[in-house]
Amino acid sequence: MKVIYYFIFLEFLILCSTIYLDQLGKFDWQSRYLGCPTQTWFERIGSHDILAVTTNMNVLGRISVENGDILWRQLNDKKIDFLIVDRSSLIINVGQKRRKFHLYTGAFLSENEEKKTTSELKQKFKENGLLKSHFDSVTGEVEIRGENEEHTRFKIRLDNSGADIKEIKVLPLSEGNYKILVEHVDCSLALYEFSQTNKSLAQIWIRHESLSMISDVLMVDFPLSESQAQIESEFNQNESVLRSFLLRIRSQLEQLHRFFIKTSENIAETIDLIFKGELGISTVIKQIFNQADRSKDGPIERDYFNMRKMIVVSTLAGTLHGLDSGNGRLIWTFYLGNKFAAYRKYKAPLFLLRGTSFYQWASQAAVVFNSKDSADSFIFIFNPITGKLVENFKISGGIFRVELWPSVNAEQLHSLLILRNNNPNKAELIPSIKDQNFENSKPVFLCMIDENSGILTGNEVNLNKNGLVSKRWQSTLPGFGDSERANDIIQIIKGKDINEKVHSQGRVLGDRSVLYKYSNPNLIAILSSNPVESLLRINLIDSVSGVLVYSGKYARANPPFHMVHCENWIVISYWNDKARRTEIGVIELFEGLQQVNSSAFNSLSASVNSPMVLAQTYIFPQGISAISTTQTMQGLTSRSILIALPSGGILEMSRRFLDARRPLEMLPEHREEMLIPYIPELPFATEDFINYNQTAMRVREIRSAPSGLESSSLIFVFGLDLFYTRVMPSGTFDILKDDFDYAFIFLVMVFLTVASYICKRISRHQSIQKAWE
């Protein structure tokens with residue numbers, strides 16, 4: 001019976017998380033990509049223009065020449081050596097196999113062993129009809145000539161202000177028209193159309209395939225609107241009472257002026273909707289009261305609920321992009337130069353130096369990368385809203401460590417704390433903070449990890465001592481050292497998000513006592529594995545004091561490994577080699593029934609007693625590509641675990657199912673806490689997928705950001721594809737639903753207004769008659 005009740009409860013949760021058909025694509029969008037092109041095949045076959053591409057992501061696909069959309073794609077498990085087109089077939093070489101696909105549908109036809117060499121096939125099959133081209137990188141001119149022609153047919157000029165051009169293919173059409181395919185070194189693919197009669201060059205489309213190679217992501221709030229900035233300015237004036245009063249009057253007059261202008265524009269748009277036949281009562285009311293969705297054509301300013309964000313991404317192709325989270329459109333692109341190389345571990349980290357809340361100054365962000373020609377590193381500071389470069393720094397000798405400095409200067413700007421490779425014992429700030437006294441500043445602690453030896457070093461940074469980095473403690477992780485069995489490899493290192501909000505300090509038990517969480521902001525989780533013994537270790541260490549808070553291990557654990565570290569709990573996923581299944585381990589830390597640090601956690605004066613650790617393991621019926629969690633503005637909403645599957649689905653699972661306190665036997669106090677009884681399997685239904693049928697392939701990471709509504713969390717998924725949506729883990733408790741009946745409530749308000757007026761007249765008439773009696 002307990003199992004039956006459990007599945008009834010699970011079904012109730014599933015029914016609550018479903019969406020309607022008219023909601024598809026309303027709050028979410030998806031962008032599909034192929035990867036950085038390695039070989040293109042551009043040819044005209046009959047009346048069809050064919051553009052086939054192979055990429056560094058082992059993807060074969062065909063792109064529409066008309067609009068640049070992907071017609072079809074096939075994901076391969078090994079590197080694709082070459083690509084040829086034979087009539088209505090595409091032939092690729094994958095490993096020792098030769099695979100054939102249908103040219104127009106992408107259907108798999110056959111797979112055979114190699115018989116002819118690659119050179120023989122390339123000589124037999126060539127792109128027909130292409131013209132020769134020569135590009136001058138200095139002037140940006142392209143000379144076009146025929147196969148056996150010595151003279152130039154025509155010249156065109158391409159914009160060479162961005163990334164260098166890698167390859168140009170020119171396909172002649174009828175009546176002096178040409179289609180020109182341009183591939184850049186930043187993995188972008190563009191198609192132009194040139195008319196020799198009009199001497200006009202027009203870009204038909206462009207694909208930024210570098211978005212399939214995203215390294216890091218920032219989700220930045222849009223700037224305040226003019227009216228919002230005006231209101232904020234009233235509370236930042238150190239003026240007299242009379243001056244403040246006059247500022248308030250002027251602000252209200254400007255708001256009234258903007259209101260009349262905006263209302264007149266909305267009424268004009270409403271009249272236009274009436275003539276177009278798109279009239280609906282709810283649409284008209286939203287339009288008049290400025291509640292319509294303007295994410296597609298609206299200005300770049302913050303909306304009322306702060307739902308729209310600027311998604312700033314850095315890619316491994318050396319580009320920065322700014323995406324509008326409302327619809328996924330590309331707002332700006334910035335190329336970092338030909339010297340770009342990833343900073344460390346295929347990363348180009350991004351840092352937000354100043355947000356958009358400080359409307360007096362422009363927002364700033366920074367990206368860090370290395371030089372592929374030297375041992376130097378670069379820091380580019382740019383505006384994340386416009387994509388314009390503000391300042392750049394060259395760090396001679398390279399950067400050993402870079403972190404965001406927690407303090408700000410007088411202009412609310414953070415700096416980057418860097419340690420150079422040639423002098424890792426001295427810290428410096430970039431950009432430097434002028435006219436600031438560091439004598440009374442609190443020290444900053446840095447924990448450094450040698451991933452080869454497993455040695456952890458705790459360092460203290462004192463800028464009042466000329467940036468001296470002094471060692472405070474040193475220890476060695478379990479599984480490392482001089483022992484013969486010490487063959488561990490560090491897999492994942494995770495700290496806590498600096499913007500993480502924890503609303504509840506503890507969990508109320510069934511007997512009304514409180515079990516306090518172990519909320520240590522300095523706690524880092526280190527996941528290491530021993531491939532020889534198939535052993536997975538999890539170590540929780542205080543990065544300030546160096547105390548080993550907890551150490552545990554999982555037997556028969558093999559890659560892939562994934563981990564989430566949030567609040568007082570850690571979620572780990574791994575492949576159990578013995579049971580041949582994916583398992584998820586959950587670890588929760590509690591201080592107990594007494595809280596040691598009631599106001600703020602202090603690692604240097606923490607309790608000697610170790611926290612209470614609860615652990616549980618569950619069986620997950622699918623593979624896992626990435627795992628993350630939701631976050632909201634104040635942390636009031638229950639968290640959900642987001643799991644990306646290899647099949648392309650993004651699963652939302654309530655944290656209540658991944659609870660280390662789920663009991664085997666339900667007691668009355670457990671029912672009082674509304675705990676779910678422990679069952680090893682984690683069941684889920686197709687309704688739990690937040691991307692329904694919009695598959696996101698080869699997901700590498702999931703990022704979440706809070707919105708202006710406590711109920712909503714904004715989710716951005718990136719890998720080979722991009723997917724964006726918003727989720728409500730606890731339901732829409734602070735916003736009206738989409739099917740809210742605006743017409744009915746409007747009619748009710750009109751009826752009540754008229755009824756109150758009629759009742760007033762009747763009451764007045766009766767009172768006069770009684771007075772005359």
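Going by the UniProt record, an unreviewed entry, residues 740–759 carry the annotation "transmembrane region". The model looked at here is a predicted one, and over residues 740–759 it puts the chain at 90% helix and 0% strand. The C-alpha atoms at the two ends of that stretch sit 29 Å apart.

Strands turn up elsewhere in the chain. Four of them make an open sheet, running in the order β32-β35-β36-β37, with antiparallel pairing. The edges are taken by β32, which spans 489–494, and β37, which spans 548–555; each of these has a pairing partner on one side only. From one strand to the next, the twist averages 20°.

At the β32 edge, the partner is β35, made up of residues 523–530. These two strands are joined in the antiparallel sense by five bridges. For anyone wanting to find the register on screen, Ile492 is a handy place to start, as it stands opposite Leu527 in β35.

Then there are the internal voids. Counting those of 30 Å³ or more, the structure holds two cavities. The largest cavity comes in at a volume of about 40 Å³. Its lining is drawn from one part of the numbering: Thr630, Gln631 and Thr632, then Gly635, and finally Thr637, Ser638 and Arg639. Sorted by class, that lining has six polar residues and one charged residue, with no nonpolar residues. So far as the largest cavity goes, then, the wall around those 40 Å³ or so is built without any nonpolar residue.

Methods:
Residues numbered from 1 in each chain as written. Predicted model: local features only at pLDDT ≥ 70, side-chain atom pairs only at ≥ 80, totals over all residues. Heavy atoms only, no water. 1 Å grid on protein atoms, 1.4 Å probe; cavity = no way out; pocket = protein on both sides within 12 Å on 5 of 7 lines; lining within 4 Å. Points joined across faces, edges and corners; volume = space filled by probe spheres on them. Nonpolar A, V, L, I, M, F, W, Y, C, P; charged D, E, K, R; others polar. Pairing = 2+ DSSP bridges. Helix = DSSP H or I, 4+ residues; strand = E, 2+ residues; numbered from the N terminus. Axes fitted to C-alpha atoms, helices over the stretch in contact; angles between N-to-C directions. UniProt positions renumbered as here; feature names shortened; annotations may be inferred.
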